[in-house]
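Got the sequence and the 3D view open? Let's walk through this one together, piece by piece.

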Amino acid sequence: MIDNPTKIITIEDVMEMLAISSKKTIYTYIQQGKLNPINKDDWHIEGRYEFDIEDVVRLQEELKKPGLTTKEVAQQLDISVTTVNKYIKQELLPAFQEEYRGINCYFVNEEDLDAFKRTHEVGRKPSKRHFYHAEQNIALFQLFVKKSEEKEQFARIISVEDPIMAVTEQHEEIALEELLHRGFEAAYEIESKNDY
């Protein structure tokens with residue numbers, strides 16, 4: 001038996017390796033010179049193209065996505081691809097265009113997406129829990145007051161996520177626990193609603 005150092009594979013194997021569903025794409029790669037069948041000149045003898053696996057692995061590396069696709073970004077942000085494209089057009093989300101599998105596509109770097117997530121509220125609309133804390137019966141922007149001899153002091157709730165946070169007139173952000181400890185009280189009671 002002849003020792004064959006190159007592993008020969010068929011067009012179907014290539015399609016599977018490159019996760020391509022159409023032979024037409026493979027023929028395009030052959031035309032573009034991105035993929036070279038080892039029997040390019042006499043393929044009709046075998047009745048099919050044959051490829052060297054090393055050549056296909058090289059192309060596989062070349063075809064690796066340069067970033068996240070708009071579809072992947074949409075899934076991560078829980079929004080539509082149309083909205084992602086809108087953010088890209090408005091230059092809110094940095095993206096770059098590159099040819100991928102024969103098509104010009106937008107791609108987003110992972111780091112850019114992370115930065116976008118930190119600075120933008122996107123995805124599903126906030127639920128009631130973003131505005132109201134049922135156990136504590138506290139609502140977002142609820143007013144708290146500290147009555148003292150000199151002058152009343154005010155603070156407002158700025159977050160009802162745990163920990164509940166408030167901001168004082170002096171622009172100091174403090175937790176509800178600290179607010180109460182300092183002698184602040186709710187300026188009004190919120191009627192507990194059963195639908196929360």
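**A guided tour of the chain**

Let's start with the contacts: among those between residues at least 6 apart in sequence, 46% join residues at least 24 apart. Keep in mind that you're looking at a predicted model. The chain has 196 residues, and buried residues make up 30% of them. As for secondary structure, you can look for eight helices and twelve strands. The accessible surface of the chain adds up to about 13600 Å², and carbon and sulfur atoms account for 49% of that.

Now find helix H2, which covers residues 23-32. Which residues of H2 are buried? They're Ile26, Tyr29 and Ile30. These three cover an arc of only 100° around the axis, so they sit on the same side of H2. And what do the buried residues of H2 pack against? Their partners are helix H1 (11-17), strand E2 (50-52) and helix H4 (53-62). Turn the helix around, and on the face pointing away from the buried side you'll meet Lys24 and Gln31, which are exposed.

The two ends of H2 deserve a look too. At the N-terminal end, Ser22 acts as a cap: one of its side-chain oxygens lies 3.1 Å from the backbone nitrogen of Lys24. Just after H2 comes Gly33, with a positive phi of about 80°.

Next up is a sheet. Three strands make an open sheet in the order E3-E5-E4, with antiparallel pairing. Strand E3 (68-69) and strand E4 (96-100) are the edge strands, as each of them pairs on one side only. Zoom in on E4 and strand E5 (residues 103-108), and you'll find five bridges in the antiparallel sense. To see how they line up, pick out Phe96, which stands opposite Phe107 in E5. Then try Glu99, whose bridge partner in E5 is Asn104. E4 and E5 form a hairpin, and two residues lie between them. In that turn, Arg101 has a positive phi of about 50°.

Let's move to helix H5 (residues 70-77), where you'll find Thr70. Is Thr70 buried or exposed? Thr70 has a relative accessibility of 16%, so it counts as buried, given that the cut-off for buried is under 20%. Which residues does Thr70 touch? Leaving aside residues up to four places away in sequence, Thr70 touches Val81, Val84, Asn85, Ile88 and Tyr106.

Finally, let's visit two loops. Phe141 lies in the loop between strand E7 (138-139) and strand E8 (143-146). Its phi is near 70°, a positive value in a residue other than glycine. Phe141 has a relative accessible area of 52%, so it is exposed, since exposed means over 50%. The other loop, between strand E10 (165-168) and strand E11 (173-175), holds His171. His171 isn't a glycine either, although its phi is positive, at about 65°. Where does that leave His171, buried or exposed? With 70% relative accessibility, His171 counts as exposed.

Methods
Residues numbered from 1 in each chain as written. Heavy atoms only, no water. Pairing = 2+ DSSP bridges. Helix = DSSP H or I, 4+ residues; strand = E, 2+ residues; numbered from the N terminus. Buried < 20%, exposed > 50% of the residue type's maximum accessible area, 1.4 Å probe, protein only. Arc of directions from axis to C-beta. Contact = heavy atoms within 4.5 Å. Polar contact = N/O pair within 3.5 Å; in protein donor to acceptor, adjacent residues only side chain to side chain. Areas by Shrake-Rupley, 256 points an atom, 1.4 Å probe, with all protein chains shown as cover.
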